[in-house]
Amino acid sequence: MSCGCAYACIRFPNSYRWINRPYSFKYLLNYGNNGNKIGGSWKTGRLKLRGMTSMIEEGNLAILSSCFVGLLTGIGIVLFNNAVHVIRDFSWDGIPYRGASWLREEPIEAIWERVILVPLCGGFLVSGLNVLRDALQSPGDGNLISNIKAALQPFLKAVAACVTLGTGNSLGPEGPSVEIGASIAKGVSSLFDKSSKRKVSLVAAGSAAGISSGFNAAFAGCFFAVESVLWPSTADSSLSLQNTTSMVILSAVIASVVSEVGLGSEPAFKVPEYDFRSPGELPLYLLLGILCGLVSLALSKCTSYMLVTIDNVHKAVGIPRAAFPVLGGLSVGLIALAYPEILYWGFENVDILLESRPFVKGLSADLLLQLVAVKIVATSLCRASGLVGGYYAPSLFIGAATGMAYGKFITFAISQSNPMFHLSILEVASPQAYGLVGMAATLAGVCQVPLTAVLLLFELTQDYRIVLPLLGAVGLSSWTTSRQAKRKDVGDPGKLKEGNVTQKPDLSSHDPSVLSSSYSVAAKASYASNLCEVESSLCVDDSNSETKELEKRIFVSQAMRTRYVTVLMNTLLIEAVSLMLEEKQTCAVIVDDDHLLIGLLTLEDIQEFSEREKARIRRSKEVLVSEMCSLDGEKCRVPWTVTPGMNLFSAQMIMNTLGVNQLPVISDHVEDHKGHPVGLLDRECISLAFRAVAAREYLSYVSTPEKA
């Protein structure tokens, strides 16, 4: 859509991205959103021809860039896995090839030194690498130094992942593989294709290449890119869906081919022999899906709890951050003395769980359940302590142990049933079938990638019979955890506390004088619901980093509405709605006679109240605001408040954490004016402030050279 003024033609996506590249902004100012020049003398035919030629050239460049990303990612993953294998062979001296079962049978006196010291040394090395990475985050002098630091960051993180995994700590390689692919894609985008809109497509291609080469499963890699990058992304991509799909597919295929050449064509783990006896087993698989969803939820919650606990210990006791990876490695070593299966030795331990290795005794159901609990704790400790790795391999391990234990329990229960009944519905498959389905269901529950989980297992088994129970179990597991796991920004929640004060009124008795000045509750809520903090590779698209910088420079006082509706508790409800309609607003601030904040009245709450009260004889126009608020304790409550001195980055984090669209703005902490509302902040005025400030800063940037 084109228009007559330059400002109205500036188009921003839902994420309020600030386009800080001069040529991108200039294009929007000169050509509008549909490519027609505004106020120019170009002919329409030449514009169309030039636009078509430009689109063809851009499409070809995007395809070539994605192929290059796939090639480099494949090479990077081969080098990464070989480095892990070299460190593992050097550290463990061939023990992983004998298996955890052999280690379990050895006397502790003969193995305790290596089992404890190897993960401990790995944590020590990772600690040093983390300190170096933190030092590189400081601003550099000049673009060259900044670019070098930016390039070293992902490299050092990959080295830290190699050390973490090579020394057996309880994480996995697939997450770092995805981040390697995404980092390569960002580098290629910055070197050859500086369009921020195409960057998301390239990052998706790099993510697909990372999973494809990591699991040797190109099909699953393509759908992983769709689920983890393209669907959650809010970027307004200028590429067509066809071009983006081609980029993802080509990148995944090329990376998978390079991985096969460098690492071999064997799948990530050995698929055991299994069978399906009867369609009547489907309810058993559905029950397994719910069980795996609960286990996935336990892993996510345990990780969130560990993150909060370590953060609190760091602040309360003063233990330096660099010490936690060492403590994490020590904890893994101590746990591995009793449960050596938790150590990461590739997928050899998963093969032991699935009983796919010859001449290896299977584990009992009670030991499998113990391994589920211990692996959850060990993985959470590793992640929270600062060791580097992903959650894909631990999720598959936990799912295999859960499914195998479930299958063995079902087999035992059926065998103990009355022998007089030989119904086909009681014939169950081998525990290996439940183990395979459990792996996919747990992966889908933890990482919220159900399509990837289904296609990954199908691609590895190549058996259509597994699809129906797989879909049912994965769907229920993902549904069980979907309400608890949300993708949010992977930034440090502690940043929100620095230099910003928020207040949360306690409105249980409509007393506005009781205000809290701590944000710890909201910070903990973000830990409990942030999927990116569990698996950072699910949030590799950082295309909103430019938006964050702008958010931190804009204050609430610049964006808030100073004209808003205020009502008293004794105001008629119909009168409050009329005031909202008159001011074209969806909420009203409830105050007392002294103009102190009491609550927030939204149009949505009024509509819900009206639907419930339809059956009552009393006319709704006689209802007071206080009556509606008293019927439901949650109605009219203010979830949180902000102050004019806060920046919009902090305000946005609060709104996203609490899931609200507006917040009252109260005066700063002045004793005489405590709790007085001075404005209203909602997402619409935040969007307007972003767009206006972005336009003003760009115009200032353009006019400066002219004055010079």
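**Helix packing, a β-hairpin and a buried isoleucine**

K584 is exposed, with a relative accessible area of 68%. In this predicted model, K584 sits in the loop that links α23 to β4 (587–591). Its backbone is worth a look as well: although K584 is not a glycine, its phi is positive, at about 55°.

On one side of this loop is helix α23, which spans residues 573–583 and packs against helix α24 (residues 603–612). Two packed helices are described by the angle between their axes and the distance between the axes. For α23 and α24, the angle is about 140° and the axes lie 11 Å apart. That angle makes α23 oblique to α24, as the cut-off for a roughly antiparallel pair is over 145 degrees. The crossing of the two helices is left-handed. Contributing to the contact are L573, V577 and M580 from α23, which meet L603, I606 and F609 from α24. Sorted by class, the contact comprises six nonpolar residues, with no polar and no charged ones.

On the other side of the K584 loop comes β4, and here the picture turns to strands. β4 and β5 form a hairpin with five residues between them. The two strands pair in the antiparallel sense over five bridges, and in one of these pairings I590 has G599 of β5 as its bridge partner. Strand β5 covers residues 597–602. How much of β5 is buried? Six of its six residues are, so the strand is largely enclosed by the rest of the structure.

The turn of the hairpin offers a second positive phi. H595, in the loop between β4 and β5, has a phi near 65° and, like K584, is a residue other than glycine. The surroundings of these two residues can be set side by side: H595 is partly exposed at 32% relative accessibility, whereas K584, at 68%, counts as exposed.

Elsewhere in the chain, helix α15 (residues 392–415) holds I398. Is I398 buried or exposed? With a relative accessibility of 1%, I398 counts as buried, the threshold being under 20%. Setting aside neighbours within four places in sequence, the contacts of I398 are V295, L299, V372, K375, I376 and T442. A further spatial relation links I398 to G438: the two residues are 40 apart along the chain, and their C-alpha atoms are separated by 8.3 Å.

Terms used: Residues are numbered from 1 along each chain as its sequence is written. This is a predicted model: local features need pLDDT of at least 70, side-chain atom pairs count only at pLDDT 80 or more; totals for chains, interfaces and linings use all residues. Side-chain values use heavy atoms; hydrogens and water are left out. Axes are lines fitted to C-alpha atoms, for helices over the stretch in contact, and angles run from 0 to 180 degrees between N-to-C directions. Helices (H or I, at least four residues) and strands (E, at least two) are DSSP runs, numbered from the N terminus. Angles under 35 degrees count as roughly parallel, over 145 as roughly antiparallel, 65 to 115 as roughly perpendicular and the rest as oblique. A crossing is left-handed if the near helix is turned anticlockwise from the far one by less than a right angle, and right-handed if clockwise. Contact means heavy atoms within 4.5 Å. Ala, Val, Leu, Ile, Met, Phe, Trp, Tyr, Cys and Pro count as nonpolar, Asp, Glu, Lys and Arg as charged, and the others, Gly among them, as polar. Buried means under 20% relative accessible area, exposed over 50%, partly exposed in between (1.4 Å probe, protein chains only). Two strands pair if DSSP finds at least two bridges between them.
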